[in-house]
Amino acid sequence: MENNFNIPLHISEKAKSELEKLLKGNRNFVNGTPTAKNMCLETLKKYAFHQEPYAVVLTCSDSRVVPEIIFDCGIGELFVVRVAGMTTGANVVESIEYAVKKLNVPVCILLGHDDCGVMKYAKENYPEPKQEFSSILKCVYPVLDKKEDITCHNFFAQEHTKWVEDYLMKHSVIINEAVKNQKLFIAKCHFDHSTGLVNLI
Ligand SMILES: [Zn+2]
């Protein structure tokens, strides 16, 4: 670990450069100097019949967490999977698998965030899930099962991000093998609302 963003040195050059590009883009967002120009019809036409994103992003549906904006990206760059609480399930796993196997993305960003409503709701309704939102809650309870005394929702979200990585590694042969063969790097990240910064955790 000896670069500005604490990107691990052992990952592939491809993953490193794409991840660095995204984290630099995030700094553009934070500094109010976004550079993305590829948000126009011309770009869409260029990619009308194919796509070549360089990262898959799994994050929350939260309206404040918009990957293309916070990473200073445009059309065709990110393959985004958004679901409340960055929770997982078969469709989510297969969406990521598609990006890895068919689109050959070298980076998978798991992006948790501050003030996540799902973490708050889970904490309020632990350990008995209400009938509503039960499948979402069951995805975040494993963290509380281990650390019931968590009081900080933002810390809870970061622990959940680590749990999601474990889940993907255990439930997907495609993802597991890609990681082991250094074709994919899973970057666990957290989005800080007060600063706008995305940092690796
Ligand atoms: Zn959220």
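The following exercises, each with a worked solution, concern a predicted model of a protein.

Residues are numbered from 1 along each chain as its sequence is written. Because the model is predicted, local features need pLDDT of at least 70 and side-chain atom pairs count only at pLDDT 80 or more, while totals for chains, interfaces and linings use all residues.

**Exercise 1. Overall form**

State how many helices and strands the protein has, and whether its radius of gyration agrees with that of a compact globule.

Solution. Begin with the secondary structure: there are 8 helices and 5 strands. Here helices (H or I, at least four residues) and strands (E, at least two) are DSSP runs, numbered from the N terminus. Along the sequence they follow the pattern α-α-β-α-β-α-β-α-α-α-α-β-β.

Next, take the radius of gyration, computed over C-alpha atoms and compared with a globule rule of 2.2 Å times the number of residues to the power 0.38. For 201 residues a compact globule would have a value near 17 Å, and the protein has 17 Å, so the two agree. The C-alpha trace spans about 50 × 40 × 40 Å along the principal axes.

**Exercise 2. The nonpolar core**

Identify the residues of the largest nonpolar core that touch the most other members.

Solution. First, fix the terms. A residue is buried if 20 or more other C-beta atoms lie within 10 Å of its own, exposed if 12 or fewer, and partly exposed in between, with C-beta atoms placed from the backbone. A nonpolar core is a set of buried Ala, Val, Leu, Ile, Met, Phe, Trp, Tyr and Cys residues joined through C-beta atoms within 7 Å.

Buried residues make up 35% of the 201 residues. The largest nonpolar core has 51 residues, of which Val56, Ile96, Val107 and Cys108 touch the most other members.

Finally, examine one of them, using contacts (C-beta atoms, placed from the backbone, within 7 Å). Not counting residues up to four places away in sequence, Val56 touches Phe79, Val81, Ile96, Ala99, Val100, Val105 and Cys108.

**Exercise 3. The packing of helix 6**

Determine how helix 6 is oriented towards helix 5 and towards helix 7.

Solution. Axes are lines fitted to C-alpha atoms, for helices over the stretch in contact, and angles run from 0 to 180 degrees between N-to-C directions. Angles under 35 degrees count as roughly parallel, over 145 as roughly antiparallel, 65 to 115 as roughly perpendicular and the rest as oblique.

Step one: the axes of helix 5 (residues 117-124) and helix 6 (residues 134-146) come within 10 Å and cross at roughly 75°. Helix 5 is therefore roughly perpendicular to helix 6. Val118, Met119 and Ala122 of helix 5 meet Ile136, Leu137, Val140, Tyr141 and Leu144 of helix 6.

Step two: helix 6 packs against helix 7 (residues 153-171) at about 105°, with the axes 9 Å apart. Helix 6 is thus roughly perpendicular to helix 7. From helix 6, Val140, Pro142 and Val143 meet Phe156, Glu159, His160 and Trp163 of helix 7.

**Exercise 4. Backbone features in loops**

Locate the cis peptide bond and describe the backbone at Asn104.

Solution. The bond from Tyr126 to Pro127 is cis, with omega near 5°. Pro127 lies in the loop between helix 5 and helix 6.

Asn104 has a positive phi of about 55° although it is not a glycine. Its place is the loop between helix 4 (90-101) and strand 3 (107-113). Asn104 counts as partly exposed because it has 14 C-beta neighbours inside 10 Å.

Conventions
Two residues are in contact if their C-beta atoms, placed from the backbone, lie within 7 Å.
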